[in-house]
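I wanted to go through this structure entry by entry and write down what I looked up, so that someone at the bench can follow along with the coordinates open.

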Amino acid sequence: MTNEEVRVIGAMESAFSRRVEIALKMKGVKYEYVLENLSNKSPELLKYNPIHKKVPVFLHNGRPIVESLVILEYIDETWTSGPSILPKDPYERAISRFWANFIDTKILGALTKIYISKGKEQDANEEIVELLSILENELKDKKFFGGESIGLVDIVANLIALWLDVIQQGVGKEIFTKQTHPKLFKWSEEYMNCSIIKETLPPRADLLPHYFPSAYASK
Amino acid sequence: MAAVKLLGFWASPFVNRVQIALNLKSISYELIEENLRAKSQLLLESNPVHKKVPVLIHGDKPISESLVIVEYIDEAWSDGPSILPSDPFARATARFWAAYITDKWWPLLTEYRTAEGEEAKAAAKEKFFEGLVLLEEAFVKSSQGKGYFGGENIGYLDVVLGSLLAWLRVREVTQNVTFLDKTKAPELAAWADRFTLNPAVVNVLPKTQKLVDFINSFTKAS
């Protein structure tokens, strides 16, 4: 496909816009990246996402799509020659969608509670440990949730591999470690070692001062 | 042909979503009515994560989460009429609105009901109607002059929003507010009547009085 304009409006700290970048890189799709400052939202962001006013905004030939899970499915359906993001079998697709939803509702919800409570709410800490165990069960003996290579659930779980890890460090609680979740921990090591992931996710050194400004002052 | 079972509950709009989707594809299925206060072993085993209905069991494969199930039905029975549109951008638009309706707009009804004080109630009502106007615009764009979000026939968004109509009507009665306001959303109001009478829907959505009695049975019990 030639003459295709692909743009991504994202933010440094957004796990969600990074997901879109991972997917585009997997498919080998060139895109223009527009860096948004979420504390001072641009007119362009507000124009393309008037309802949620959030990143990512994905623009394909000028047409906007928002919500990372919606964008990921669009990318998979539009660029069909690269590796698949979702499996081909309808049941496997349903399973992938189920777990992506689980991460973005249950795990994200618990993680937000932990961040807001600065790790001081024991219920929230216990809840996320339990949720991660449930997710870990789904991994079984696979290298990635997508099998031999990363798929939808792995992309969506960037939230766990990096952001959850940053937040646990910042609040000083051990909720996701080699001891608490050995299989999932191994998955996160493999994941963070993938070249596409390494080149797309922000460094921890940038995320820590963003989420914990008083403890980790930016240089 | 693997058997299809649906673990459900008659009053659940999310179960209704799945029933409508199955009807659109003319799929025969066994409806197993769950007692949500005494969940069956089958439900607990089929949906151990959420322990909720609906659960679709196709052969021996359980699928949970209503939107996931509807997409599964569309993909597994690809011979029947399509539920989602075929164009990727139209699919993305439909999925966007489905998420908006389910995660942002529908909860506003509960926010209104539980809001304390005049000001809070008025604010919640305003947010609800702002959303309704957005959905009206989405309907006009999506339907392209035809009767449904899906055009000539019921599509994904029709199922997602339409499944909520029974409860919307009940809340109009119990809250004494015209939530599906014809003056604010004339096309949607007409669509709602059309949708409710569609053959795939007509025997699925519970009747208003039955739901009113259901709500009253809770308040009496407490």
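The entries below go from confidence to the core, the cavity and a pocket, and then to single residues.

**Entry 1: confidence.** I began by noting that this is a predicted model, and I looked up its scores, which are ipTM 0.95 and pTM 0.96. For chain B I found a mean pLDDT of 95, with 99% of its residues at 70 or more.

**Entry 2: the core.** I then asked which residues touch the most other members of the largest nonpolar core. This core holds 152 residues, and the ones I was after are Phe58(A) and Ile160(A) from one chain, with Leu56(B), Ile73(B), Trp105(B), Leu188(B) and Trp191(B) from the other. Helix H4 of chain B, residues 88-114, gives the core its largest share, 13 residues. I added a general remark here, that nonpolar side chains tend to be buried together in soluble globular proteins.

I followed Phe58(A) further and listed its contacts, leaving out residues up to four places away in sequence. Among them are Val6(A), Val8(A), Val20(A), Leu24(A), Ile65(A), Ile71(A), Ile75(A) and Trp79(A), and the list also includes Arg7(A) and Arg63(A).

**Entry 3: the cavity.** A search of the whole structure for cavities of 30 Å³ or more returned 1, and I noted its volume as about 40 Å³. Its lining consists of Trp105(B), Leu132(B), Leu135(B), Leu161(B), Leu165(B), Leu168(B), Leu180(B), Leu188(B) and Trp191(B). The elements that contribute two or more of these residues are helix H5 (118-143), helix H7 (165-175) and helix H8 (186-197) of chain B. Sorted by class, the lining has 9 nonpolar residues, no polar ones and no charged ones. Trp105(B), Leu188(B) and Trp191(B), which appear in this lining, are also among the residues that touch the most other members of the core.

**Entry 4: the second largest pocket.** I put the volume of this pocket at about 990 Å³. Its lining has 38 residues, of which Phe89(B), Thr93(B), Ala94(B), Trp97(B) and Lys141(B) are the closest to the centre. Both chains contribute, since helix H2 (43-48) and strand S4 (63-66) of chain A, along with H4, H5 and helix H6 (156-162) of chain B, each supply at least two lining residues. The largest share, 7 residues, comes from H4(B). By class I recorded 22 nonpolar, 10 polar and 6 charged residues in this lining.

**Entry 5: Phe96(B).** Is Phe96(B) buried or exposed? Phe96(B) counts as buried because its relative accessibility is 12%, which is under the 20% cut-off. This residue sits in helix H4 of chain B, and beyond its sequence neighbours up to four places away it touches Ile51(A), His52(A), Val66(A), Glu67(A) and Val70(A).

**Entry 6: Lys25(A).** I found Lys25(A) in helix H1 of chain A, residues 15-27. Lys25(A) is partly exposed because its relative accessible area of 24% falls between the limits of 20% and 50%. Leaving aside neighbours within four places in sequence, its contacts are Tyr31(A), Ile196(A), Glu199(A) and Thr200(A).

**Entry 7: helix H10 of chain A.** In this helix, residues 204-211, I noted Leu207(A), Leu208(A), Pro209(A) and Tyr211(A) as buried. The buried residues of H10(A) pack against helix H4 (90-116) and helix H7 (158-171) of chain A.

**Entry 8: backbone details.** I looked up two cis peptide bonds, one between Val55(A) and Pro56(A) with omega about 0°, the other from Val53(B) to Pro54(B) with omega near 5°. Pro56(A) lies in the loop between H2 and strand S3 (57-60) of chain A, and Pro54(B) lies in the loop between helix H2 (41-46) and strand S3 (55-58) of chain B.

I also checked positive phi values in residues other than glycine, and noted Asn61(A), with phi near 50°, and Asn176(B), with phi near 55°. Asn61(A) is in the loop between S3 and S4 of chain A and is partly exposed at 44% relative accessibility, whereas Asn176(B), in the loop between H7 and H8 of chain B, counts as exposed at 70%.

Note on methods: Residues numbered from 1 in each chain as written. Chains lettered and ligands numbered in written order. Predicted model: local features only at pLDDT ≥ 70, side-chain atom pairs only at ≥ 80, totals over all residues. Heavy atoms only, no water. 1 Å grid on protein atoms, 1.4 Å probe; cavity = no way out; pocket = protein on both sides within 12 Å on 5 of 7 lines; lining within 4 Å. Points joined across faces, edges and corners; volume = space filled by probe spheres on them. Helix = DSSP H or I, 4+ residues; strand = E, 2+ residues; numbered from the N terminus. Nonpolar A, V, L, I, M, F, W, Y, C, P; charged D, E, K, R; others polar. Core = buried A, V, L, I, M, F, W, Y, C linked by side-chain atoms within 4.5 Å. Buried < 20%, exposed > 50% of the residue type's maximum accessible area, 1.4 Å probe, protein only. Contact = heavy atoms within 4.5 Å. pLDDT = per-residue confidence, 0-100.
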